[in-house]
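Here's a quick tour of a few spots worth finding in the viewer. Keep the sequence handy as you read.

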Amino acid sequence: MRAPLISSSSTHRHGAAQQAGFTLIELMVALVIGLIIILGAGQLFLMGFQTFRQIELLGNKQAALTFATETLIRDIRRASDIGYENGELTVEFPNNNDMASCTGTVVRVYRLSNSAVNANEGWSLNMGQDCNTAPTAALFEPLVTSFAANGFSVTPVPNGVWDIDFRLMAGRQGETDAFTFRAVNRNQAIE
């Protein structure tokens, strides 16, 4: 006996129906997988951006600390007279090409700005200088930022040693990092 004949056109139509496209479930699964991948990539990008920002702020803080420390220690070491009163450090030293137009003593005053530069940068350490007299307010310029409010003080220690205290901004919630450096005034140390 012979097997019944199956029409080739019905087999072709049945196969074409199976390969016509994706089912709704397959599309939804693909969309969910794609969404998970996109969310993961977005999270990685956000974490990388936040890390970059933190490193940038840390670098700025380190640069501010290094510059301020080196400048103040250099001036304290060579000073002929030093005074600290009302948040201002006054340093006097003979002109050694620090001011071209000055033939006498250079007077430098260091103090914090009256207000924060902005919320991210904090207060700035300002410096003003003049020849033979204390500088006027117009002569003050910012040196570095990232200081907290009341983040600069100087304390005399016996034998010409001065403690320089900095409080720098550490985060958005008002945290600060405190640093203390010592500078020795050569003139006072040998007296």
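Asp 75 touches Val 91, Phe 93, Arg 108 and Tyr 110, leaving aside residues up to four places away in sequence. Bear in mind that this is a predicted model. Let's start with Asp 75, then look at a hairpin and a loop.

**Asp 75 and its surroundings**
- You'll find Asp 75 in helix H2, which covers residues 24–78.
- Is Asp 75 buried or exposed? Its relative accessibility is 0%, so Asp 75 counts as buried, the cut-off for buried being under 20%.
- The side chain of Asp 75 also makes a polar contact of 3.1 Å with the side chain of Arg 78.

**The S1–S2 hairpin**
- Strand S1 (residues 81–85) and strand S2 (residues 88–94) run antiparallel, and five bridges join them.
- Want a pair to look for? Ile 82 stands opposite Val 91 in S2, and Val 91 is one of the residues that Asp 75 touches.
- Two residues lie between S1 and S2 in this hairpin. In the turn, Asn 86 has a positive phi of about 55 degrees.

**Asn 120 in its loop**
- Where does Asn 120 sit? It's in the loop between strand S3 (105–112) and strand S4 (123–131).
- Asn 120 counts as exposed because its relative accessibility is 53%, and the cut-off for exposed is over 50%.
- Skipping residues up to four places away in sequence, Asn 120 touches Arg 53 and Met 169.
- Asn 120 and Met 169 are 49 residues apart in sequence, while their C-alpha atoms are 8.7 Å apart in space.

Methods
Residues numbered from 1 in each chain as written. Predicted model: local features only at pLDDT ≥ 70, side-chain atom pairs only at ≥ 80, totals over all residues. Heavy atoms only, no water. Helix = DSSP H or I, 4+ residues; strand = E, 2+ residues; numbered from the N terminus. Buried < 20%, exposed > 50% of the residue type's maximum accessible area, 1.4 Å probe, protein only. Polar contact = N/O pair within 3.5 Å; in protein donor to acceptor, adjacent residues only side chain to side chain. Contact = heavy atoms within 4.5 Å. Pairing = 2+ DSSP bridges.
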